[in-house]
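Please look over the chain shown below before reading on; the briefing that follows takes up its sheet, the helices packed on it and one loop residue.

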Amino acid sequence: MSDCAGMGGFGVGRPVRRVEDDRLLRGQGRFADDLAPREALFARFVRSPHAHADIAGIDASAARAVPGVVAVVTGEDLRRAGRGALPCLLSFPQADGTPARYPPRFALPHDRVRFVGEAVAMVVAETPAAAADGVEAVAVDWRPLDPVIGLDAAREAPAIHPEVPGNRVHLWQAGDEAAVDRAFATAARRVTTRVPISRVTAAPLETRGAIAQWDPVLRRFTLITATQGTTEAHTELTQHGLGGLPASALRVLTPDVGGGFGMKNHAYPEHVALLHAAELLGRPVRWQAERTEAFLADSAGRAHEITVSLALDAEGRITAVRWLWLSDLGAYCVGFGPAVGTIGGPRIAVGPYRIPAFHVRSEGYLTTTAPIDAYRGAGKPEAAYALEVAIDQAAAELGLDPAELRRRNLIPPEAMPYRTPTGQVYDSGDFPRLLERALELADRVGFPARRAAAARQGRLRGFGIGCYVEPSGFRDGRIQLAFDRQGGVTLVTSAVSNGQPHETVFAQVLHQRLGVPFERIRVVQGDSDRTGYASGTAGSRSLTLAAVGVFRAAETIEAKAKRIAAALLEVSPEDIAVERGTFRVAGTDRAVTIEEVARAAWNPAFVPEDESLGLEASAHPTQRVANFPNGCHVAEVEIDRATGAVRLVRYTAVNDFGVVVNPLTLHGQVVGAIAQGAGQVLLEGLVYDAETGQLVTASFMDYALPRADDLPEIVRETVEIPCRTNPLGVKGAGEAGCAGSLPAVMNAVSDALRSAGVPSSALPLAMPVRAETLWRLLAAAS
């Protein structure tokens, strides 16, 4: 698939520039807020100032009297109209076989709020200013209750939802606990590491927003909103949020999307309220979140406390791993949130290592904070982080080089395919090779000299390794291909770009497979009417599922095209040889192109009687076996001894993504994810005040995203080891940068601190690593 000779430089393996970027860089992108009709009304939400409070009453009479205000919608209004609660669509059993307990999430609660920023009413007005004035005029009679912030508080506080006693949503277990107990009983060394993982916000460039419309003739809703795939929102809204409607009663449209990272996977309460108002008022209703609203009310990411225990023999080989995974799920269970610490991360509880036994106990708790959902990796970076930090801790306690401890435990390439005790089958990979190549590129040999040079300038230098393997490409993806009468192709995909180069990469795959001119391929996405039911963009599955769908649909088209080409050339189909869209009479120079065949496909004279006119096909592949991108990342940091300030000064990443379709866009994916992982370790953190439940990092003045000068040049190399479980040989890439950078950066910080005498018992640090914390540790150590 990587040979693109004769394909005009647009085939698989070529660094094709993103075709999306021309319009986006010129400011010609079409985002949801750009599509609002002129007659649309403006909505704003009344949001709770309390983390936990009963609602004794809402008086909207003054708001309705504000000039320009058209309506005020409350939770009681929605309840009387039969609007339902938004569900968590996950379903998995607890350790005792009973289903997990998911409390309902009403669009506008009428009785109690459970986090600061939860919406309780919506004001609809002719102008944004009138809507804002109306919000200020709504009077809510609050009866404050004690907030529940953090896992410790959740286990001790009264239930914030009566149907969830103890605030524990689930207790889930996996693995062979007896085998793990035996391994620990006979282990030469046992190392236990507690790993806190902070709460972060996705902070997409485009905040959430939507335009709701109602067609009284067709009796049909349209919702224009940023999603990562229209199916999740469509299902949640029709089957639940709107009170139970047929699928045909709602069309979800998603134009360009300015970032998602997991938090735009599902429907939100605002969608229900907006759609209700559009039907009630007979006019379109629009809303776009302000940035502070986004900090308060968006689904957040991560927020775990993981304890990893390793059993090791006398040679430093890991014989078992035991996990205790505690998840802070926020006030409600949404999207993939409850799965992050259960069926998400624990699938790779043994990472890329030959660890014969594992056991995971996972508990999920509710707190009075914004809900948690998937965030770039959804458990896989968390698992890699916890395991890699624990391995560095073990190396320190054993007095071993961290690289050497990994060498002794990595699964060798000759063991592939390798079935892990977690049930995953690693079909391909060479984990030791990637470790050694990363160390070579990072100049591990020269590190002592760099450390000494830093010390002379009053800085501590640390070296950190992060190995990872992650399952990608799960669920399904739908593709439809249709040639027009001039030989162009429309490719409809259920995947939705929220920054990814779908229009470029899918066209590359189709161009490679059928020889269609790259510039004649049009990619359509984000329309539930056209894509139908299929999963969207998440879990690093767009390429590994949607592109596989392109491949399979192209096979169907090619088979029919061969029969039409035979009619055009007046030979038997068996005489036709096919190569990249050229249909040739074998052994001759008589041939027709795919464009000529496509035009002929509309002529009944060339189409078999039992077949339809035109060239089109669809495919809806499901991924029953995951693919496993993997890699090794190396980070170096420097800490100023006088101030505790830390900087990331070197970064190296060696990854195996199978066959690379576009190395240029792959680079962007990997570097972006590395920035997010490094940002979480060094800068980012959503912080709630434990006493009041207020979010104290509700703006970019308080929440630090990584900037260009926070990152060094990233040295990156890709080792192509084709995946054996899909016809393209590709592996997922979108989340891998986080899986490698989280542990690499934190392990570098810990290495620097250990070199100054900071005890391992004080490590790893909580995220984000703060200068004050480092300064205090260094002062105590010296």
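Which residue in β7 is the bridge partner of V69? The bridge partner of V69 in β7 is A125. The model is a predicted one, in which local features need pLDDT of at least 70 and side-chain atom pairs count only at pLDDT 80 or more, while totals for chains, interfaces and linings use all residues. Residues are numbered from 1 along each chain as its sequence is written, and side-chain values use heavy atoms, with hydrogens and water left out.

**Sheet**
- Seven strands (DSSP runs of E, at least two residues, numbered from the N terminus) form an open sheet with mixed pairing, in the order β3-β7-β1-β14-β11-β12-β13, where two strands pair if DSSP finds at least two bridges between them.
- At the edges lie β3 (69–74) and β13 (250–253), each of which pairs on one side only, and the twist from one strand to the next averages 20°.
- Strands β3 and β7 (residues 119–125) run antiparallel and are joined by five bridges.

**Helices on the sheet**
- Helix α4 (residues 128–137; helices are DSSP runs of H or I, at least four residues) lies across β1 (41–47), β3 and β7, and runs at about 25° to β1, with angles taken from 0 to 180 degrees between N-to-C directions of lines fitted to C-alpha atoms, for helices over the stretch in contact (heavy atoms within 4.5 Å).
- Helix α7 (residues 230–241) lies across β12 (220–225) and β13, running at about 150° to β13.

**Residue Q94**
- Q94 is placed in the loop between β4 (85–86) and β5 (105–106).
- Q94 counts as buried because its relative accessibility is 9%, buried being under 20% relative accessible area with a 1.4 Å probe and protein chains only.
- Leaving aside residues up to four places away in sequence, Q94 touches P99, A100, R101, V169, H170 and L171.

Notes:
Buried means under 20% relative accessible area, exposed over 50%, partly exposed in between (1.4 Å probe, protein chains only).
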